[in-house]
There are 2 protein chains.
Amino acid sequence: MLTERQRMILNAIVDDYIRSAEPVGSRSISKRGDVGYSPATIRNEMADLEELGFLEQPHTSAGRIPSHKGYRYYVDHLDPAYSAPPGEIRLLRKFFAEKLSAMEQVIQHAAMILSHMTNYTSILLGPEVFHTSLRHFQLLPLNEETAVAIIVTSTGQVENKTVQLPPDVPVSEIEKVVNLLNSKLMNVPIYKLKTRLYTELGQEMERHISNYEEIMKVLDNIFLDGEADHQRLFLSGTTNMLTQPEFKDVDKVKTILDLLEETPTLTKMMAPQDGGGIQVRIGTENDHEAFANCSLITATYSLEGEALGTIGILGPTRMEYARVMSILNILSKDLTAMLSHWYK
Amino acid sequence: MLTERQRMILNAIVDDYIRSAEPVGSRSISKRGDVGYSPATIRNEMADLEELGFLEQPHTSAGRIPSHKGYRYYVDHLDPAYSAPPGEIRLLRKFFAEKLSAMEQVIQHAAMILSHMTNYTSILLGPEVFHTSLRHFQLLPLNEETAVAIIVTSTGQVENKTVQLPPDVPVSEIEKVVNLLNSKLMNVPIYKLKTRLYTELGQEMERHISNYEEIMKVLDNIFLDGEADHQRLFLSGTTNMLTQPEFKDVDKVKTILDLLEETPTLTKMMAPQDGGGIQVRIGTENDHEAFANCSLITATYSLEGEALGTIGILGPTRMEYARVMSILNILSKDLTAMLSHWYK
DNA sequence: CTTAGCACTCATCTCTTTAGAGTGCTAACG
DNA sequence: CGTTAGCACTCTAAAGAGATGAGTGCTAAG
């Protein structure tokens, strides 16, 4: 039905169009390495393919785009043996094997509810913390002043951080500390590391280690960081942004949505400022430019009196503050109640 | 700092703007029932409020919108006792109490993976079926010809459907059928109801019930419906639609996204046509106009040889068919494998 | 202090013009 | 006879030029 050359050209056009989303001109096909014909020749073939119904012209002086029939032909003649690259498959399987902890499910679920009820975007910061514990700790001196701290968690995640060492700490001392930590803090949940450091190790450290206080500071610093980095972010209702008339410009929405994908930035923004309770950040009070026209309302939930995570609603500055604040208030309390019931 | 009247006007402007997203003019404030002043008076106050920094003008001849300071004032002076309407709170708590079954988590998780890996929107149809079973069945005659069938599931969901009764069925007969169903089909998973109807009840029905065949038809009809309605839909990556240049027009995206919210329509579209395997529906081959520029690629996963659900990717007609088809193929097989392992 | 009236401003919509990409056709070439 | 160069032609997208109208600020009267 189609000549070999026509098939090749059709394939080239579909491929190009899939990549570029722009009508494909004869010149650009001609310039591809795998097609050895001039634009004029391609044009002739394209005219034929159009007549046969495989291509379309959006308008007279545009390039061609595949018609439905063209796509259909392309799909039906795809190499059936084609398989995604092995790296991709490995990734797919790896993600698929992951599981959410019961805790995370609750958070994710809450995110969904929030976005549905408010018609805004909800952002929930949940403590990954809950299902990861310490498997291994290492502190490798790089030189006299700096060392790399390595934390391996029960889920196999490896975190590392470069830290400044206090002056004049002999290697033997460091080894002692590391051994102590590994023996005493093994299997302790990440989020409890910092407190356990003091409650369980304080005395022993004081007895055996010379620079006790300064080393304590270093460790404190390391675990503090681990705590923040391990939080997990759940989003829901991002498309609700689109329904707001102030964001009818796609580019504006895009900058916001892109920022929502940037987990670290978002995590920082969600961090509660001084004290808990409901917090409202209006427009530029969010310290990111893309949120200049947004307001972020957050509330914290907690376990045993300690703030664990944050739930938040992102909307236009023109937001139904009263309603959203009330809903956040209720849900954060319910979450807190549920958690304390759960982990008791 | 602000006079009572200024506060009132500021509040009115913020409220109006929250609702309308349009700059608020003096006239519209004046016309509100709760403000008894003419536009000119309002204008004077508005000029003052602008000077104080609570309001802004997008341009000289537009109405006013609240500034950040204006929102801040509004928020800080919100009635602290305000609480969302009780109906809303009840709804919130109800949703929050819901739980996803293990099965559903897997599906939802798969949806996320798919959208992340493909950068398109993923739609997964999972069998709610798995964790709901029949708790109670009722058939209430309305008159001689019609009756309401009520199905209560183990999760407390209540489904009802109006059905046509065959002529001349005495009430006593109906009662017998209902009793038989309740005694024999109690705790049977919804998805097995239809087959069990025949395997377990066929003979007994035939013996005791006069209009056996016609009543069977009615029941069949009822359970068929329940089966379809109980499938659960998971979406992920809806915002990926935005990154496609063909959908840079917000209105176009909106029609698509709106359709994605319509669960029943979507469920129907995802239904596999004749036979399983990977299916590609290009443009208008999807029987909904809003998807004229979209392609939907679907694959089914199954349990014990029976198709249970569908996983799909929605993207522009200009889609990376080969890659997506390969990924769907792998994931659908992995899902099938996982399920058979799970439910054995 | 409040309100009516009127001139003024500026965004938005529509219409027109312009620039550029890509075609179709014709004629020449190997 | 298939392939290629050249050129006129077409049509969109971008830029510019009025017309429209909502809403203001100011002034003067109530």
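How many residue pairs are in polar contact across the interface of chain A and chain B, counting pairs with both residues at pLDDT 80 or more? The rule finds 18 of them, a polar contact being a pair of N or O atoms within 3.5 Å, where within protein one must be able to donate a hydrogen and the other to accept it, and residues adjacent in sequence count only if both atoms are side-chain atoms.

Before I go on, please keep in mind that this is a predicted model, in which local features need pLDDT of at least 70 and side-chain atom pairs count only at pLDDT 80 or more, while totals for chains, interfaces and linings use all residues. Residues are numbered from 1 along each chain as its sequence is written, chains are lettered from A and ligands numbered from 1 in the order in which they are written, and side-chain values use heavy atoms, with hydrogens and water left out.

Let me stay with the protein interface. Contact here means heavy atoms within 4.5 Å, and on that basis 63 residues of chain A touch 64 residues of chain B. Together the two chains bury about 5,700 Å², 71% of it on carbon and sulfur atoms, where buried area is the accessible area (1.4 Å probe) that two parts lose on being put together, summed over both. On the side of chain A, the residues that lose the most area to chain B are L92(A), F96(A) and R318(A), which together make up 13% of what that side buries.

The rule also finds six salt bridges across this interface, each a side-chain nitrogen of Lys or Arg within 4 Å of a carboxyl oxygen of Asp or Glu. One of the salt bridges joins R93(B) to D334(A), with the closest N and O atoms 2.6 Å apart. Helix 12 of chain A gives the most to the side of chain A that touches chain B, with 12 residues; helices (H or I, at least four residues) and strands (E, at least two) are DSSP runs, numbered from the N terminus.

How are the two copies related? Chain A can be laid on chain B with an RMSD of 1.0 Å by a turn of 179° and a shift of 0.1 Å along the axis, the superposition being by least squares on the C-alpha atoms of residues with pLDDT of at least 70 in both. The two copies are therefore related as by a two-fold rotation axis, and the same surface serves both, since 98% of the contact residues of chain A recur in chain B.

Now to the DNA, where a residue is near a strand if one of its heavy atoms lies within 4 Å of it. Of the 21 residues around DNA strand D, R5(A), T41(A), T60(A), S26(B) and R64(B) come nearest, and sugar and phosphate account for 75% of the atoms of strand D that come within 4 Å of the protein. The side chain of R5(A) has an N or O atom 2.8 Å from a phosphate oxygen of DNA strand D, whereas the side chain of R43(B) places an N or O atom 3.1 Å from a base nitrogen of that strand.

Around DNA strand C there are 21 residues, of which S26(A), R64(A), R5(B), T41(B) and T60(B) come nearest. An N or O atom in the side chain of R5(B) is 2.7 Å from a phosphate oxygen of DNA strand C, and helix 3 of chain B supplies the largest share of the surface near strand C, four residues.
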